[in-house]
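The paragraphs below lead through one protein model, from the whole chain down to single pairs of rings. Please keep the structure open while reading.

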Amino acid sequence: MSEKTKETVSSVTMKILIKLSNQLNTSSGKATLASLRHSIGRPINESKEVWPILFESLPEEFLGQDGDDSFEEVAILTAIQLYSLQQQGTSQNVFTKEADRNQNIGYSLKNLRKGDDTTAVDRRFNIMITSSTFEELIYHLRHLLTLLKTKSSETKINYARLAEDLYWFLKDYQESVRLNWARQYYKQENKGEQQNEN
């Protein structure tokens, strides 16, 4: 008997995102995204409308116990909620399947750093990555994603990687997550990368 490949937060999130993106232009798909947006900021036990999309995709070991939410549940649900926010009002898919594994949310938010004066957006980014709680982090991240949607709507986000990072943030690896996001956000582009984007 072959051993089944162990699923990760990233791989499970990707499966859910692919399912959601395949239903983007259907009434049931739009209703699911609306349910996800409506569930933002509410505990999982009060978000019954998103249970089917979340729980039918999670492996047994990701499920919470004794009424407590698991870190996997929280990270995956948060990532797909953020996806539903960015996806609202656009028929083009906003998540990327092909992204380099190293391209985290800092890489995508870097698209806000256009022009000579990046002080305001850098301040917002720094407030987000120095958040002391998960709730505070998500609050600021939501605002940055709204800004990204307005100013750079063609930017795609690796939401599967975001879910993985959120999971590690919840597991007390905040410093590592912050550092990795900051590296991608502030990293200088070389000429070749800039030309490829144009």
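Two residues are in contact here when heavy atoms lie within 4.5 Å. In this predicted model, of the contacts in the protein chain with a separation of 6 or more, 72% join residues 24 or more positions apart.

The protein chain has ten helices and zero strands. Read from the N terminus on, its elements therefore give the series α-α-α-α-α-α-α-α-α-α. Of the 198 residues in the protein chain, 46% are buried. The surface that the protein chain exposes comes to about 11,200 Å², and carbon and sulfur atoms supply 48% of that area.

Helix H4 serves as an example of a single element. Helix H4 covers residues 71–87, which makes 17 residues. At 1.5 Å a residue the expected span is 24 Å, and because the end C-alpha atoms of helix H4 are 24 Å apart, the expectation and the model agree. The expected value takes 1.5 Å times one less than the number of residues. H4 is mostly covered, with 14 of its 17 residues buried. Just after H4 comes Gly 89, which takes a positive phi of about 80 degrees.

The aromatic side chains come next. A pair of aromatic rings is described by the distance of the centres and the angle of the planes. With centres required to lie within 6.5 Å, the count comes to eight aromatic pairs. One of them is formed by Tyr 83 and Tyr 159, whose rings are 5.8 Å apart centre to centre with 80 degrees between the planes, an edge-to-face arrangement. This pair links distant parts of the chain: Tyr 83 belongs to helix H4 and Tyr 159 to helix H8 (residues 159–170), and the two are 76 residues apart. Both Tyr 83 and Tyr 159 are buried.

Why does the pair of Tyr 185 and Tyr 186 count as edge-to-face? The ring centres of Tyr 185 and Tyr 186 are 4.7 Å apart and the planes stand at 85 degrees, so the pair is edge-to-face; the cut-off for that class is an angle over 60 degrees. How do Tyr 185 and Tyr 186 stand in terms of burial? Tyr 185 is buried because its relative accessible area is 0%, whereas Tyr 186 has 32% relative accessibility and so counts as partly exposed. The limits that apply are under 20% for buried and over 50% for exposed. Together with Phe 125, Tyr 185 and Tyr 186 form one aromatic cluster.

Note on methods
Residues numbered from 1 in each chain as written. Predicted model: local features only at pLDDT ≥ 70, side-chain atom pairs only at ≥ 80, totals over all residues. Heavy atoms only, no water. Helix = DSSP H or I, 4+ residues; strand = E, 2+ residues; numbered from the N terminus. Buried < 20%, exposed > 50% of the residue type's maximum accessible area, 1.4 Å probe, protein only. Phe/Tyr/Trp six-rings, centres within 6.5 Å; stacked < 30°, edge-to-face > 60°. Areas by Shrake-Rupley, 256 points an atom, 1.4 Å probe, with all protein chains shown as cover.
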